[in-house]
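Thank you for making time for this; I would like to walk through one model with you, going from local contacts to the sheet and the cores. Please have the sequence and the structure open as I speak.

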Amino acid sequence: LTYFVVTLTVGQLTTRLRAHRDAELQAKLLAESEKLGRTLLRSVSHELRTPIAAIKSAAHTLPSTGPLNKEQESLVAEIESASARLNRVVQSLLSAARIQSGQVRPKLDWCDIPDLVRVTLSGIKDQIYSHRIRIFLPKDIPLVKADFILTEQALANLVVNAVTYTNPGTPIEIIGQLENDFFVLTVADEGPGIPADQLERIFDPFQRGGTTKTGGLGLGLAIVKGFIEVQGGK
């Protein structure tokens, strides 16, 4: 038989037990805090969606109530733009909460890439009108196994990000190519780019590049990462 004997004084043992209990308590409190934060985030976001929808509906209906002067038309357009932006923020918060809580369950099916790109651009047409979108997809693209909705949201976030941080009128390219067993989609622009020392962190939640404009939560790219990785992509 082999015996391993560990000798500790009573004081040492008490100190180590206390440190262990403190570490367990801190971990439990942190987990509960994160859980509460996600719950509050989801609740607040859901509560905001109803008034945002009401604002958008009212702004859309105003022109049908009678002729508007130029100032009124400008105000209606501003309301619609602001409500659309707020709706995107709420949607981003909900998506981030789903990713962090592990509630994203991809529904993989065979997707047509040209159709995916078309649907994506159609859904964000009001946000990309200031840029020229160039699409380069190979002929005879095979169907790709993916979650259409999650991939559409990820591609939309990349394109909107490119629009946000590049000059109006500059091109944004969507390029597709086959690489071994993967289909690679690239979104390229002529903006300032991302500093090399920030590349590792830019896809983390609430991270924003040092050259970015004011505004935004820094969730767009984190959602891209979460939605693609949960499907087995990168």
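**Contacts of E80**

Leaving aside its neighbours within four places in sequence, E80 is in contact with A59 and H60, where contact means heavy atoms within 4.5 Å. Before I go further, this is a predicted model, in which local features need pLDDT of at least 70 and side-chain atom pairs count only at pLDDT 80 or more, while totals for chains, interfaces and linings use all residues. Residues are numbered from 1 along each chain as its sequence is written, and side-chain values use heavy atoms, with hydrogens and water left out.

E80 itself belongs to helix α2; helices (H or I, at least four residues) and strands (E, at least two) are DSSP runs, numbered from the N terminus. Its C-alpha atom lies 7.5 Å from that of H60, with the two positions 20 residues apart in sequence numbering. E80 counts as partly exposed because its relative accessibility is 33%, given that buried means under 20% relative accessible area, exposed over 50%, and partly exposed in between (1.4 Å probe, protein chains only).

**K107 and K145**

K107 is found in the loop between α2 (70-100) and β1 (109-111), and with a relative accessible area of 69% it is exposed. Setting aside neighbours within four places in sequence, K107 is in contact with A146 and D147. The C-alpha atoms of K107 and K145 are separated by 9.5 Å, although the two residues are 38 apart along the chain.

K145 also takes part in a charge-over-ring arrangement: its charged end sits over the ring of W110, 4.9 Å from the centre. The criterion here is that NZ of Lys or CZ of Arg is within 6 Å of the ring centre and within 35 degrees of the ring normal.

**The sheet**

How are the strands of the open sheet ordered? The order is β2-β4-β5, three strands with mixed pairing, where two strands pair if DSSP finds at least two bridges between them. The edge strands, each pairing on one side only, are β2 (132-136) and β5 (182-188). Direction ignored, neighbouring strands of this sheet are turned by 15° against each other on average; for such angles, axes are lines fitted to C-alpha atoms, for helices over the stretch in contact, and angles run from 0 to 180 degrees between N-to-C directions.

On one side, β2 and β4 run parallel and are joined by five bridges; within that pairing, I133 stands opposite I172 in β4, and F136 stands opposite I175 in β4. Helix α5 packs on the sheet, where it touches β4 and β5, and its direction makes about 20° with that of β5.

On the other side, β4 and β5 run antiparallel and are joined by seven bridges, with E173 opposite A188 in β5. These two strands form a hairpin with two residues between them, and N180, in the turn, has a positive phi of about 55° although it is not a glycine. N180 is exposed, at a relative accessible area of 80%.

A second such case is D140, again not a glycine, with a positive phi of about 55°. D140 lies in the loop between β2 and β3 (144-146), and it counts as exposed because its relative accessibility is 78%. As background, most residues other than glycine have a negative phi.

**The cores**

Which residues have the most contacts inside the largest nonpolar core? They are I113, V117, L121, I124, I128 and V159, in a core of 15 residues; a nonpolar core is a set of buried Ala, Val, Leu, Ile, Met, Phe, Trp, Tyr and Cys residues joined through side-chain atoms within 4.5 Å. At least two residues of this core come from each of α3 (113-123), α5 (148-164) and β4 (171-179), and α5 gives the most, with five residues.

Taking V159 as an example, and leaving aside neighbours within four places in sequence, its contacts are L121, I124, I128, I172, I174 and V187. There is also a second, separate core of nine residues, and A96, V104, I223 and V224 are among them.
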